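Here are my notes on the model you sent. Please read them with the coordinates open.

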Amino acid sequence: MPLKLTKRGRIYHYRGTVNGRLLRGSTKTTDKKRAERIAAEVEAKAWKRSLDGPGADLTMADVFLAYIEAEKATRFIAPLADYWKNTPVASVTPEAIRQSANRLYPTCKPATKNRQVIIPTQAAINHCAKLGWCSPIKVERFKVIKKEAKHVTDEWVASFEDNSPPHLGALCRFMFETGARIGEAVALEWRHIDFEKRTALINMTKVSETRLARLTPNVIAALANIPSNRKPDEPVFQYEASDCVRKSWNNAIKRAGIEHMTPHACRHGFATKMLQAGKDVKTVAEFGGWKDIRVLLETYAHAIKDPTVVDDVFGTKSTHSHTTQALTNCNERGIS
């Protein structure tokens, strides 16, 4: 049945079926000729999709809507959807996506453009490609010059705790030994802590998921020392937002006379210590809340600077006769 127009108040609405599928909606106009044109376009697109498949006339608006409905990460989707609007997916090229990043975030660093534009746009299109709606796309990311980020150590955290009020020291210890981000830690409430099971339910800000973090004896002790009535909905570390931490954090560093580190350096410290202790990457990612192992290795893994680490791995003396004789000759010549 062709789409027919009816008036609701002053606005024209369309209703009808195309190949058995009911279509109805508002034309959002009081002009009858414009409403007829809109209804005709809706009907034409519906027939094309019905005959040529769901990907026919696929727009970027459709792409982002499907991505959201699939409950994917939507943190950066809104600006992208607003930028592309109803642009046909068939006309979107890798270079056009790179240009969109420059236009949306002209003053931002390459890493930000990759994270907030290239990655989510490519992911949304490729999600629809898996549904058979369009072809997949691969977009070259902006080149990022990575600098080795600073990370806290056991000694740094201990000194910070000694020069902080209990709740701030506990915050630092918690992030260091769970890998939690500052926003995740500040959002923690007492109802999320289970002292008996030694766990904390962390809401991961980047992926809109939760994870259960294991609490070490050090963290348990630090949490227990926080003066609090421990009401279920009370923030554990007594800060309303991550921005509220900065001033007291920097003051504690000054009092301790230690190198300046940001709260995020605690997350770096967690990954570094776990990896250098010989824990495999998947285990570190699981307990630290990383979804992308590649990001973990490239961003958070810090090389051990002490060259004797090679001796620790390969230092066992060989029992092979030639090797033994060579070592003896070296010792006789004063070579160690």
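The points below cover strands, aromatic contacts, a pocket and one loop position.

1. **Status of the model.** This is a predicted model. Please keep that in mind for every value below.

2. **First hairpin.** Strand β1 (residues 4–8) pairs with β2 in the antiparallel sense, over five bridges. Lysine 4 has arginine 15 of β2 as its bridge partner. The hairpin of β1 and β2 has two residues between the strands. Glycine 9 takes a positive phi there, near 70 degrees.

3. **Second hairpin.** Strand β2 (residues 11–18) also pairs with β3, again antiparallel, and six bridges join them. Threonine 17 has leucine 22 of β3 as its bridge partner. Two residues lie between the strands of this hairpin. Here asparagine 19 is the residue with a positive phi, near 50 degrees. A look at its backbone would be worthwhile.

4. **Arginine 15.** Which residue of β3 stands opposite arginine 15? The residue is arginine 24. Arginine 15 is also the bridge partner of lysine 4. The backbone pairing of β2 can thus be followed to both neighbours from this one position.

5. **The open sheet.** Three strands form an open sheet, in the order β4-β5-β6, with antiparallel pairing. Why is one side of β4 and of β6 left without a neighbour in the sheet? β4 (193–194) and β6 (209–214) stand at the edges and have a single partner strand each, so one side of each stays unpaired in the sheet. Strand β5 (residues 199–204) is joined to β6 by six bridges. Threonine 199 stands opposite arginine 214 in β6. As general background, strands of a sheet pair through backbone hydrogen bonds, either parallel or antiparallel.

6. **The tryptophan pair.** There are seven aromatic pairs in the structure. In one of them, the ring centres of tryptophan 156 and tryptophan 249 are 6.2 Å apart. Their planes meet at 35 degrees, so the pair is tilted; the stacked class needs planes under 30 degrees apart. Tryptophan 156 lies in helix α6 (residues 154–162) and tryptophan 249 in helix α10 (residues 246–256), so the pair ties together parts 93 residues apart in sequence. Are these tryptophans buried or exposed? Tryptophan 156 is buried, at 7% relative accessible area. Tryptophan 249 is buried as well, at 1%. Trp156 and Trp249 form one aromatic cluster together with Phe160.

7. **A stacked pair.** Tryptophan 190 and phenylalanine 195 form a stacked aromatic pair. The centres are 6.2 Å apart, with 25 degrees between the planes. Tryptophan 190 is buried, with a relative accessible area of 6%. Phenylalanine 195 counts as partly exposed, at 29% relative accessibility. That places it above the 20% limit for buried residues.

8. **Charges over phenylalanine 142.** Which charged ends sit over the ring of phenylalanine 142? The charged end of arginine 98 does, 4.3 Å from the ring centre. The charged end of lysine 113 also sits over this ring, 5.5 Å from its centre.

9. **The second largest pocket.** This pocket holds about 550 Å³ of space. Its lining has 17 residues. Tyr14, Glu41, Val42, Lys45 and Asn86 lie nearest the centre. β3 (21–26), α1 (32–52) and α2 (60–69) each supply at least two residues of the lining. Which element gives the most to the lining? The answer is α1, with six residues. By class, the lining has six nonpolar, four polar and seven charged residues. Please treat the charged group with care when you set up this site.

10. **Alanine 241.** This residue lies in the loop between α9 (217–224) and α10. Alanine 241 counts as partly exposed, at 33% relative accessibility. Alanine 187 is 54 residues away from it in sequence. In space, the two alanines are 7.4 Å apart, C-alpha to C-alpha.

Terms used
Residues are numbered from 1 along each chain as its sequence is written. This is a predicted model: local features need pLDDT of at least 70, side-chain atom pairs count only at pLDDT 80 or more; totals for chains, interfaces and linings use all residues. Side-chain values use heavy atoms; hydrogens and water are left out. On a 1 Å grid over the protein atoms alone, a cavity is a set of points where a 1.4 Å probe fits but cannot get out, and a pocket is an open set with protein on both sides within 12 Å along at least five of seven lines; lining residues have an atom within 4 Å of a point. Grid points are joined across faces, edges and corners, and a volume is the space filled by probe spheres set on the points. Helices (H or I, at least four residues) and strands (E, at least two) are DSSP runs, numbered from the N terminus. Ala, Val, Leu, Ile, Met, Phe, Trp, Tyr, Cys and Pro count as nonpolar, Asp, Glu, Lys and Arg as charged, and the others, Gly among them, as polar. Rings of Phe, Tyr and Trp (its six-membered ring) pair if their centres lie within 6.5 Å; planes under 30 degrees apart count as stacked, over 60 as edge-to-face and the rest as tilted. Buried means under 20% relative accessible area, exposed over 50%, partly exposed in between (1.4 Å probe, protein chains only). A charge sits over a ring if NZ of Lys or CZ of Arg is within 6 Å of the ring centre and within 35 degrees of the ring normal. Two strands pair if DSSP finds at least two bridges between them.
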